[in-house]
Amino acid sequence: MSALPVFRWRLAPDGYATRRQLRAAGLRPGGQDVAAQLERPRRRRGPLVAYLYRVDLAVPVRPMTPGRWAALAAANRARRVCPHCRRDAGYVIPSSLGTCVPCDSPSPSSRSL
């Protein structure tokens, strides 16, 4: 395996893009290997690395089908249901709490002495 070309931050030649840049252009890597990498130097730590893909080998993003939309809606709905009280909280339940806010911190009047 040959070594990847390494470019300094903001100095990559045209024809290369990160995954996010490809996605913004409506493209995806499409199975190609990483073609190059960017390195941004930092003080006291190793450099930040971003992987680059060739734009000419990228393929269009697959369109969302009705089944994929339904699966995404079901996954988001499941993230809003409290596992303790089984109610839809109306917001995505924070993973740090694990339950909705009322279940995590009940009101003082409902606490037993």
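These legends go with several close-up views of one predicted protein model.

Local features are described only where pLDDT is at least 70, side-chain atom pairs count only at pLDDT 80 or more, and totals for chains, interfaces and linings use all residues. Residues are numbered from 1 along each chain as its sequence is written, and side-chain values use heavy atoms, with hydrogens and water left out.

**View 1. The whole chain, with its three helices and six strands.** Helices (H or I, at least four residues) and strands (E, at least two) are DSSP runs, numbered from the N terminus. Reading from the N terminus, you will meet the elements as β-β-α-β-β-β-β-α-α. The C-alpha atoms fill a box of roughly 70 × 45 × 25 Å along the principal axes. The radius of gyration is 23 Å, while a compact globule of 113 residues would come near 13 Å; the radius is taken over C-alpha atoms, and the globule rule is 2.2 Å times the number of residues to the power 0.38. Of the 113 residues, 17% count as buried, that is, under 20% relative accessible area, against over 50% for exposed and partly exposed in between (1.4 Å probe, protein chains only).

**View 2. The open sheet of four strands.** Follow the order β1-β4-β5-β2, and note that the pairing is mixed. Strands count as paired if DSSP finds at least two bridges between them. At the edges lie β1 (6–8) and β2 (16–17), each pairing on one side only.

**View 3. Strands β4 and β5 side by side.** Residues 36–40 (β4) and 48–54 (β5) run antiparallel and are joined by five bridges. Here you can pick out Arg 40, whose bridge partner in β5 is Leu 48.

**View 4. A nonpolar surface patch around Trp 69.** Met 64, Trp 69 and Leu 72 together make a patch of about 300 Å². Patch residues have over 30% relative accessible area and no salt bridge; like charges are joined within 9 Å, nonpolar side chains (Val, Leu, Ile, Met, Phe, Trp, Tyr) within 5 Å. A salt bridge is a side-chain nitrogen of Lys or Arg within 4 Å of a carboxyl oxygen of Asp or Glu. Areas come from the Shrake-Rupley method with a 1.4 Å probe; for residues, only the protein chains shown count as cover. Trp 69 belongs to helix α2 (residues 66–80).

**View 5. Two arginines with positive phi.** Arg 10, in the loop between β1 and β2, has phi near 70° and is exposed at 75% relative accessible area. Arg 86 sits in the loop between α2 and α3 (101–104); its phi is about 60°, and Arg 86 is exposed too, at 64%.
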